[in-house]
Amino acid sequence: MKENGTIEKTRIYPSPNPHIKLTEITYWSCGYRVKGLLAEPREKGPYEGILYCRGGMQSIGMVRPARIAQIASEGFIVFAPYYRGNRGGEGRDEFAGEDRWDAVYAVDVLKQFTLARIHLFAFSRGGIMALWTAILRNDITSIVTWAGVSDIYLTFEERTDMRRMMKRVIGGTPSNHVQAYENRNVLAHSHEIKAATLIIHGMLDTNVSVEHANVLESALVGNNKIVETWYYQEYTHFFPSKVNRQVVKDACNWMKRQKGV
């Protein structure tokens, strides 16, 4: 079995931005070949790295080339794992179960392209993936979690439309599969997060309620962690494109200012 984070193969991927080079990478994670997309500015420079933790499940919320090219154009090398079982990757997506290691080992992939600091940028379901990555690694400088899931129990409670999927993937409900949900309970380990955290959330979000942001903020503050919050009264899960672009720019500048690892 190949070592975790080892690159198996690469292929050039069409880029929507002439200044950004995209490469699809197949790498090893827990004995599976998993895929992800790398975005690099064509102009050489000492760029810091961002691991982009996508949202959704399977084809919903899949990594968008334009999105990671947009982030890379702010002066970063970005790698976005698809997670196992997606886009021809082996294994099966477990919604923040063993697939969390796909994000953890994706950092080792990213480190093969930049020697600088590593940040995590997460959206939606990616929030819980990023938080686990920051817990399981000690080389993360900062975390940006935007509309991020932080409480697996709250997701089950709120998203009645996702319960069937969660029961299938996780193996049951929080009441009859207690350990499987507790294994995904990232808040219980928030004291282990060393990285500075920025929480971005729209107050009108019905996909991932602002309560996810509130409980994460409380857990981090309660453990004397560095945390900043940007709450937007008028927005839902998806921000208008002009605002979205500005928030990405502001979040990237926030990451550059962090003094961590």
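This passage looks at one helix, the cysteines and the largest pocket of a predicted model. Residues are numbered from 1 along each chain as its sequence is written. Local features need pLDDT of at least 70 and side-chain atom pairs count only at pLDDT 80 or more, while totals for chains, interfaces and linings use all residues, and side-chain values use heavy atoms, without hydrogens and water.

Helix α7 (a DSSP run of H or I, at least four residues, numbered from the N terminus) covers residues 210-222. Its 13 residues reach 18 Å from the first C-alpha to the last, close to the 18 Å expected at 1.5 Å a residue (1.5 Å times one less than the number of residues). V210, H212, A213, L216, A219 and L220 are its buried residues (under 20% relative accessible area, 1.4 Å probe, protein chains only). They pack against α3, β7, α4, β8 and β9, with contact meaning heavy atoms within 4.5 Å and strands being DSSP runs of E, at least two residues. After the helix comes N224, with a positive phi near 55°.

Turning to the cysteines, the whole structure holds 0 disulfides (cysteine sulfur atoms within 2.5 Å). C53 is unpaired, the nearest cysteine sulfur being that of C252, 14 Å away. That distance is too far for a bond. C53 counts as buried because its relative accessibility is 0%, and C252 is buried at 0% too.

Which residues lie nearest the centre of the largest pocket? They are G56, G61, F123, H237 and F238, part of a lining of 34 residues. α8 gives the most to this lining, with 3 residues.

Technical notes. Buried means under 20% relative accessible area, exposed over 50%, partly exposed in between (1.4 Å probe, protein chains only). On a 1 Å grid over the protein atoms alone, a cavity is a set of points where a 1.4 Å probe fits but cannot get out, and a pocket is an open set with protein on both sides within 12 Å along at least five of seven lines; lining residues have an atom within 4 Å of a point.
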